[in-house]
Amino acid sequence: MKPDSAFEPRLAAKKLLREGRSGALASLMPGSGDPYCSLVNVATAADGAPLLLLSTLAIHTKNILADARVSLMLDERKEGDPLEGARVMLMGTAAATADEAARKAYLRRHPEAEMFAGFTDFAVYRMEIARAHLVAGFGRIIDLPPEDVLTDVADAQALLEAEEGAIAHMNADHADACRLYATKLLGAPDGDWRCAGIDPEGIELQQGRTALRLVFPQRVIAPGPLRAVLKQLADEARAG
């Protein structure tokens, strides 16, 4: 079989990770070690690490508190046979985090969770990815290390600090640009597309529970370059 030179496993895995809004979470039952699988809503931190909002009343949370090892599967929710669509299996550990940025990141993707996110039994859990297994079609099956699916943010503190304000500004003053990104650059249907996340490698757009990932033409690590690349993309969308 000839290699598929156009296939970029890292980009495919990152797209699934950033666009995923729900997935199958597998954990281990205490004592027996039996596998337990549940449906969970998913968001991502700035570096792409999965974020889950879990209640200590749920079986999967009790499992995690006893044994932090988990697996999370995300798929592209393609119409037709789901086995013909791409999916990524993430393996690692999960633990509760008190990071306020993680909480805000989750609620931007799942605003309906605001009503119960503050309950004492709920907490945001961050998954640390140890390895990933990507299935993206015939001949497109590959194992990936965590650095291939996560985003390096070590040099992007200025951007991370500006992210919340930049998202609010885009949604309040440049909603038309978000819509153009989605419809003209990503081929999505017209609608109320909003910005849900910004990181050094791209921007997340969301309408309802549908999310799309627009990759930047170059890496950005500060507000100035971010403004420039967002304008560049808006100009391209209008021209297109």
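This is a tutorial dialogue on reading helix packing, strand pairing and single-residue surroundings in a predicted model.

Student: Where should I begin with the helices, and at what angle do α6 and α8 pack?

Tutor: An angle is best read together with the distance between the axes. In this predicted model, helix α6 (residues 157-173) and helix α8 (residues 223-239) pack at an angle of about 40°, and their axes are 10 Å apart. That makes α6 oblique to α8, and the crossing of the two is right-handed.

Student: Which residues of α6 and α8 meet?

Tutor: From α6 come A158, L159, A162, A166 and M170, and they meet P223, L226 and L230 in α8. Sorted by class, this contact has eight nonpolar residues, with no polar and no charged ones.

Student: How do α7 and α8 pack, and is the crossing left-handed or right-handed?

Tutor: Helix α7 (residues 175-185) packs against α8 at about 55°, with the axes 9 Å apart, which makes α7 oblique to α8. Here α7 passes α8 in a left-handed crossing. The residues that make the contact are D176, A177, L180, Y181, K184 and L185 on the α7 side, and L230, L233, A234, E236, A237 and R238 on the α8 side. By class there are eight nonpolar, no polar and four charged residues in the contact of α7 with α8.

Student: What angle do α6 and α7 make with each other, and why are they called roughly perpendicular?

Tutor: The class follows from the angle, since 65 to 115 degrees counts as roughly perpendicular. For α6 and α7 the angle is about 90°, with the axes 5 Å apart, and the two helices are therefore roughly perpendicular to each other. Their contact is made by M170, N171 and D173 of α6 together with A175, D176, A177, C178 and Y181 of α7; by class, that is five nonpolar, one polar and two charged residues.

Student: Turning to strands, how should I read a sheet, and what is the strand order in the open sheet of three strands?

Tutor: The general idea is that strands of a sheet pair through backbone hydrogen bonds, either parallel or antiparallel. In this structure, the open sheet of three strands has the order β9-β10-β11, and the pairing is antiparallel. Its edge strands are β9 (194-199) and β11 (210-215), each of which pairs on one side only. On average, and with direction ignored, neighbouring strands of this sheet are turned by 20° against each other.

Student: How many bridges join β10 to β11, and which residues are the partners of I203 and E204?

Tutor: Strand β10 (residues 202-207) is joined to β11 by six bridges, and the two strands run antiparallel. Within this pairing, I203 has L214 of β11 as its bridge partner, while E204 has R213 of β11. The two strands also form a hairpin with two residues between them, and in the turn G208 has a positive phi of about 60°.

Student: Which residue takes a positive phi in the hairpin of β1 and β2?

Tutor: In that hairpin, which has six residues between the strands, G31 takes a positive phi near 85°. Seven bridges join β1 (residues 22-28) to β2 (residues 35-41), and these strands run antiparallel; one position to look at is L25, which stands opposite S38 in β2.

Student: How do I place a single residue such as L186, and what is it in contact with?

Tutor: One can take its element, its accessibility and its contacts in turn. L186 is in the loop between α7 and β9, and at 30% relative accessibility L186 counts as partly exposed, because that class lies between the limits of 20% and 50%. Apart from its neighbours within four places in sequence, L186 is in contact with Y181, L205, L212, R213 and L214. L186 and L214 are 28 residues apart in sequence, yet their C-alpha atoms are 7.3 Å apart in space.

Student: Where does E112 lie, and which residues is it in contact with?

Tutor: E112 lies in the loop between α3 (100-109) and α4 (114-117), and at 37% relative accessibility E112 counts as partly exposed. With neighbours within four places in sequence left aside, E112 is in contact with N41 and R209.

Methods. Residues are numbered from 1 along each chain as its sequence is written. This is a predicted model: local features need pLDDT of at least 70, side-chain atom pairs count only at pLDDT 80 or more; totals for chains, interfaces and linings use all residues. Side-chain values use heavy atoms; hydrogens and water are left out. Axes are lines fitted to C-alpha atoms, for helices over the stretch in contact, and angles run from 0 to 180 degrees between N-to-C directions. Helices (H or I, at least four residues) and strands (E, at least two) are DSSP runs, numbered from the N terminus. Angles under 35 degrees count as roughly parallel, over 145 as roughly antiparallel, 65 to 115 as roughly perpendicular and the rest as oblique. A crossing is left-handed if the near helix is turned anticlockwise from the far one by less than a right angle, and right-handed if clockwise. Contact means heavy atoms within 4.5 Å. Ala, Val, Leu, Ile, Met, Phe, Trp, Tyr, Cys and Pro count as nonpolar, Asp, Glu, Lys and Arg as charged, and the others, Gly among them, as polar. Two strands pair if DSSP finds at least two bridges between them. Buried means under 20% relative accessible area, exposed over 50%, partly exposed in between (1.4 Å probe, protein chains only).
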